[in-house]
Amino acid sequence: MNKKPLAALGLALAAILATTGCGSGGSPAASSNEKVTIKYSNFTSNGGNEKNLATIVQAFEKANPNITVQVTTLPYKDYATALQTDLAAGTQADTFDIEYANLRSYVSNGAVAPLEGVDGSKYKQSLLQSYQSDGKQYALPSSFSDVVLYYNKALFDAAKVAYPTSSWTWADETAAAKKITDSAAGVFGDFQNVSFYEFYKALAQTGGKFLNDDGKSVGFNSPQGIKAAEWLAGKSGTTMPTPAQGAGTPDFDTKLFKDGKLGMLHSGIWVASSFADSPKNWDIAVEPGDTQKASAEFSNAIAVAANSKNKAAAQKWAEYMTSSDVMAQTRISAGWELPATSDDSFLKPYLAKDKPANRKAIFDALDHVALTPVIGDNQQKMVDIITNALGEIEAKRSTAADALKGASDQINALLK
C-alpha cells in the first residue's frame, strides 16, 4: 500500500488536459458481441503481485470472452510521470490506478468518466464514498490500509493498566501512557507523529473540520483545532520522546516499539509485518477518539478514462478488478493489499491469522473515517504549513492558537 499521494501528477494535469481535449468523451459502449481490447495501467501489482493480477485478468477474460485486458505495470515512483506523458499524448489507458488525493484534479479536469449502474453494496461504504463527487461515482476502490493503535502487552501488564479497547478515548490513552512512561529507563508510553497527517485526523476526533463546507477556506483555526494541536504536541517530552531524542527520524518509532520500549504506537497496518515476534506480545486496537472516533484511511482505486472508446467494457473490468470473488480470494490468499469488499466471508482466512490477534480492528476503523483534506496543486504546501506550525507548538516557540492562526492565513491564501 502506498501512503504518499501521487502529488506530482496533479501539477500539470490541467494544462495537459487542456491541450489534449481529454474529457470530451469517447464513443458509446461496445455491443456485447463486439470483441474489444481494453488497456489497464497500474502500479499496485508491481513488486511481486504481477502473477496475482494475471490470475484475475485470466478469470475476467474467461467470464467475458469478448474482452481482452492489456496490462501495463509500472513502479510507483515512475507511475505519475508515465501517466502525465500518456495524458499529454492522448494515449492513456482505458482504465488506470488512482489515489484518493488525486481524485479532485481528475474530476475537475475531465480525465475520468462518471460510472453508472455500479452495485455499491459490494464495497465497504466509506471506501466507495471517498471516490464520489457531486453525487457521481468516479472510481472504484480496489484496496485499502488504515491507521490503528499498536500496544505492547508486557508494558501494560507491568504498569497494571488494562489493554486498549474500541471504547477508549484520549483520556484513557493519556492515563495509560503516563503510567507506562519511565523516561529514565528509556521507556515511553506513546508515540504519534506531530504532523499534518495526524493533525487532520485528531481534528476530526474532536468534531472539528479542516476545510469549511465550501472548500474555499479552512475551518481548523477553531477551539477543536487548538485542542487537537495541543493533544499532539503535548505528548512530546511527556509521554513521548522529543525530536532531540530522535522522534521524527526514519524508523525511530517502529524500532522503539520493536525494542520493547514503547507502550503505544499510532501507525499504519503496513508496519505490522515488521514486528513479528518483536516485541513478543503485542496487539492492535481502533485508535481512541475525543468526542468521536476518526481513523485515517489510505486507498487505491481504478478509474475509467473519459476518452475511452470502450467505456462499457472498461467499467466491467474495473468492477471485476475491485469487487469480484476472484479478486477478493486472490488478494487475501496472496497477502496482496486488503480488498474493499463488503463480503466479510472473504476476510475469514485473514482474520484467523495470528498477530495481531485483533485484526478486526482494521475493518472496524473503516466505520469512522477521516479523509485527507485535498486542495489540489498546493497540497504539499498545505501539508508543510501545518507540519511546521505543529513543530512550533511542539518546540514551545508558539501557542497553538497563534500557530494555527498563522497557518490558516497561509492556507486561505493558497485557496484563493
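Is D344 buried, partly exposed or exposed? With a relative accessible area of 44%, D344 comes out as partly exposed (buried is under 20% relative accessible area, exposed over 50%, partly exposed in between, using a 1.4 Å probe and protein chains only). The structure is a predicted model, so local features need pLDDT of at least 70 and side-chain atom pairs count only at pLDDT 80 or more, while totals for chains, interfaces and linings use all residues. Residues are numbered from 1 along each chain as its sequence is written, and side-chain values use heavy atoms, with hydrogens and water left out.

On to the charged pairs. Side chains of opposite charge can pair when their charged atoms come close. Searching the whole structure turns up 13 salt bridges, a salt bridge being a side-chain nitrogen of Lys or Arg within 4 Å of a carboxyl oxygen of Asp or Glu. One of them pairs D344 with K124, at 3.2 Å from N to O. K124 sits in the loop between α5 (100-108) and α6 (125-129), and D344 in the loop between α13 (325-334) and α14 (348-351), so this bridge ties together parts that are 220 residues apart in sequence. Helices (H or I, at least four residues) and strands (E, at least two) are DSSP runs, numbered from the N terminus. Unlike partly exposed D344, K124 is buried, at 16% relative accessibility.

The loop between β8 (282-285) and β9 (295-304) holds E287, and D290 is in the loop between β8 and β9 too. E287 forms a salt bridge with K201, their closest N and O atoms lying 2.8 Å apart. K201 belongs to helix α9 (residues 196-205), and 86 residues separate this pair, which links distant parts of the chain. Both partners, K201 and E287, are buried. As for D290, its salt-bridge partner is K227, with 2.9 Å between the closest N and O atoms. K227 is part of helix α10 (residues 223-233), 63 residues away from D290, and here again distant parts of the chain are linked. D290 is partly exposed at 22% relative accessibility, and K227 is partly exposed as well, at 40%.

Salt bridges also form a network: E173, D190 and K235 are joined through shared partners. D190 turns up again around T239, whose contacts (heavy atoms within 4.5 Å) are A177, K178, T181, F188, G189 and D190, leaving aside residues up to four places away in sequence. T239 itself lies in the loop between α10 and α11 (252-258), and is buried, with a relative accessible area of 8%.
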